[in-house]
Amino acid sequence: MTFPPRWGRLRLGTRLALGLGALALAVFAVVGTVMATSMEEYLARRMDDQMATTQVSLKKEYDRNNTLKSSGYGWYSALYEVRDGQPRPLDTEGLPDDPAEFTDVALRVIGGEEPAFRTEYLEGLGTYRLRGCEVADGVVMVSAAPMNDITTTVRQLVLVEVAAFLLALVAFVVIGRAVLRRGLQPLSDMAQTAHDITSHDLTDSARLPVRAAGDGGGVEVEELRTAFNTMLEHIDASLAARTAAEQRLRRFIADASHELRTPLTSIRGYADLFRYAAANAPEEREAHLEKLRSEAARMTVLLDDLLLLARLDAAEVETPLRLADGDLAALAREAADAFRAARPTHPLDVTTPPDPVRLAFDPVRLRQVVDNLLTNAAVHTPAGTAVALALAVEPGRVVLRVSDSGPGIPAADQGRIFDRFYRVDDSRTRGRGGSGLGLAVAQSLVVAHGGTVVVDSGPGSTVFEVRLPRRTA
């Protein structure tokens with residue numbers, strides 16, 4: 001069903017009020033029709049009873065005087081003698097000019113219909129109710145009573161009904177529209193909230209400052225308001241995540257560009273020196289070539305870390321891990337041996353359970369995590385600082401701790417040390433470390449294993465704790 005365009009532009013409250021008004025109008029019409037019809041039938045029955053009573057009196061009059069007296073009040077009565085099956089009026093005085101309707105009723109009585117009723121329009125007189133009955137052997141009486149009073153009464157009733165129903169309809173529509181408008185006000189408020197959202201610049205904002213406030217409107221409106229605010233919270237979270245991702249991406253691009261530019265600049269410089277040495281100082285060529293290899297190797301490590309992080313970010317598409325059952329305690333001891341060989345200036349204490357710690361992990365990647373944490377402890381602490389590696393088994397998980405007794409990490413930097421290219425001293429020098437990707441790679445690998453890594457640091461103590469779920473492949 002289609003509606004006119006103007007109807008579609010009306011407000012919902014107005015349309016609901018008009019729709020309810022149309023329904024009420026139909027109900028009023030049905031009720032009014034039933035009331036008027038019932039009243040008319042009731043008055044007609046009363047008239048029939050009154051005519052029967054009157055004809056009983058007239059029959060007694062006829063039995064006493066063998067004639068009828070005038071009925072009065074606009075009533076008519078006639079006597080018909082039946083001869084050979086045909087009625088013949090005994091007295092036409094006082095009857096209408098054309099008594100054909102009376103004769104027709106008399107014929108009905110002769111035909112066996114008693115009492116016989118008929119409603120007819122008498123020319124020049126109006127609508128009358130006719131009743132015929134037999135008052136003596138071969139004599140039929142026909143009486144006629146005007147129906148003007150019934151018609152007038154029903155007409156007045158219809159007029160009163162129409163006036164009352166119209167007033168009730170107008171009040172119903174006006175009051176109903178006001179009630180509906182008040183009830184739908186929360187929807188209008190939510191629509192205004194939605195318009196307010198469109199006026200805000202969402203490109204750089206991480207939060208929408210508007211919400212659907214207020215109360216009332218019923219359970220349904222409250223559910224809609226809650227869903228609306230939940231949607232805004234979801235949009236807020238999405239905008240915050242998008243803004244943070246864009247900021248990380250911009251920072252990542254800037255840092256990656258800087259980190260890649262530095263070794264490339266060094267390679268270009270050493271290449272120029274190598275070319276100069278090849279022409280003027282052949283004995284220095286090998287030293288310059290070795291420096292070229294060193295810078296290329298450092299850039300390769302950086303690119304490998306970037307590629308690994310990219311693969312970890314896209315883990316839903318490509319899983320960079322090769323899980324297998326292994327002994328984490330043996331892996332920790334191997335990493336400790338390698339650290340002692342590479343960092344003799346930092347004494348290392350290792351604590352592992354005597355029994356194998358079996359779980360599913362990627363031995364290459366998890367070894368990379370342990371190496372990164374140990375290297376980080378050695379790089380950022382003075383020579384001679386004690387480093388500890390401990391492995392513990394807890395209910396449902398395995399905990400690997402790497403701690404040192406160095407100067408600690410400032411509290412302001414602890415929330416960002418796992419960010420890519422982030423350095424605590426925020427310097428671009430490499431006198432104390434690498435590219436700033438080690439901890440970011442370690443955290444991403446731990447998360448890919450389904451675990452978490454946290455840091456707790458203060459003056460004289462820094463502890464990195466890796467928590468892995470204990471599961472088998």
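**Exercise 1.** Work out the handedness of the crossing of α9 and α11, and who makes the contact.

*Solution.* The crossing of α9 and α11 is left-handed, a label used if the near helix is turned anticlockwise from the far one by less than a right angle. Helices here are DSSP runs (H or I, at least four residues), strands likewise (E, at least two), numbered from the N terminus.

Next, the contact (heavy atoms within 4.5 Å). From α9 come R365, Q368, V369, N372, L373 and N376, and from α11 come G438, L439, V441, A442, L445 and V446. These residues split into seven nonpolar, four polar and one charged, with Ala, Val, Leu, Ile, Met, Phe, Trp, Tyr, Cys and Pro taken as nonpolar, Asp, Glu, Lys and Arg as charged, and the others, Gly among them, as polar.

A quick note on the model: it's predicted, so local features need pLDDT of at least 70 and side-chain atom pairs 80 or more, while totals for chains, interfaces and linings use all residues. Residues are numbered from 1 along each chain as its sequence is written, and side-chain values use heavy atoms, leaving out hydrogens and water.

**Exercise 2.** Lay out the five-strand sheet and find its edges.

*Solution.* Start with the order: the open sheet runs β2-β1-β5-β4-β3, with antiparallel pairing (strands pair if DSSP finds at least two bridges between them). Now the edges: β2 (86-89) and β3 (116-122) each have a single partner strand, so one side of each lacks a neighbour in the sheet.

Finally, zoom in on β3: β3 pairs with β4 (residues 126-136) over seven bridges in the antiparallel sense, and T119 sits opposite R129 in β4.
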